[in-house]
Amino acid sequence: MGWSSDKGVSDPAAVRTFLEGDPRVIAPLILGAVLTHCSDAGPVSVRLTEVEAYLGPRDSEHPDPGSHTFGGPTARNAPMFGPAGFLYVYFTYGMHYCANLVCGPAGKASALLLRAGEIVDGEGLATLRRPASKAPKDLASGPARLASALGLTTADTGRDALAEPFSLWLPESPAPAVVSGPRVGVAGPGGSTEYPWRFWIEDDPTVSRYKAARPRKPSVTT
């Protein structure tokens, strides 16, 4: 599908150094990177076309009200405080897994939510995992679909995405047309235009549709 493993940067040390920066800077540059998971069922590779940057707690240098770490460290979000290049996978809505790639130096919470991508290897296996997808472009279009296509679950949270059975190849050059805007489905201030930390490749057919978060209903007291 136009991707070859001899293209791009794959040295784990170099990739990890790249990921130790600010996720808002990394996000547009990582678009076009290829993440591979070689599970027992076989390999699946995804070319990233859409990501979202998330930062840290309310008492940090860069507080982010949309981040899972905003309230501080927990057992669940612990990987986000760890070294760059590791995975933070969480379960949401009682049915979906979503995967993040941890960024920044250890101890400072930040990550990139992997929102969408193109399957460039292992399409048959990805299709088995995503039987409801109507076309190849839909297989990893959305964070839950992407995690499912790669076969990721919470069992993978805290695992190194730069070591077997994973690999991450950075693109040789930045994507030609990158757009940014508000993050998808984030309630409250973190989902506003003040946080335009969703980045995607313009006009790429695999990019997910934008959906604003539903306003929370006010509590009823008697």
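**Exercise 1. How many residues of the lining of the largest pocket are nonpolar, how many polar and how many charged?**

Solution. The model is predicted, with local features needing pLDDT of at least 70 and side-chain atom pairs counting only at pLDDT 80 or more, while totals for chains, interfaces and linings use all residues. Residues are numbered from 1 along each chain as its sequence is written, and side-chain values use heavy atoms, without hydrogens and water.

Step 1. A pocket is an open set of points on a 1 Å grid over the protein atoms alone, where a 1.4 Å probe fits, with protein on both sides within 12 Å along at least five of seven lines, and its lining residues have an atom within 4 Å of a point.

Step 2. The lining of the largest pocket holds 43 residues, with Tyr93, Arg115, Pro143, Val184 and Gly185 nearest the centre.

Step 3. These residues divide into 21 nonpolar, 11 polar and 11 charged, where Asp, Glu, Lys and Arg count as charged, Gly is among the polar, and Ala, Val, Leu, Ile, Met, Phe, Trp, Tyr, Cys and Pro count as nonpolar.

**Exercise 2. Determine whether Glu52 is buried or exposed, and describe its surroundings.**

Solution. Step 1. Glu52 lies in strand β2, a strand being a DSSP run (E, at least two residues) numbered from the N terminus.

Step 2. Glu52 counts as buried because its relative accessibility is 0%, the limit being under 20% relative accessible area with a 1.4 Å probe and protein chains only.

Step 3. Leaving out residues up to four places away in sequence, Glu52 touches several residues, including Arg115, Val184 and Arg198, where contact means heavy atoms within 4.5 Å.

Notes
Helices (H or I, at least four residues) and strands (E, at least two) are DSSP runs, numbered from the N terminus. Buried means under 20% relative accessible area, exposed over 50%, partly exposed in between (1.4 Å probe, protein chains only).
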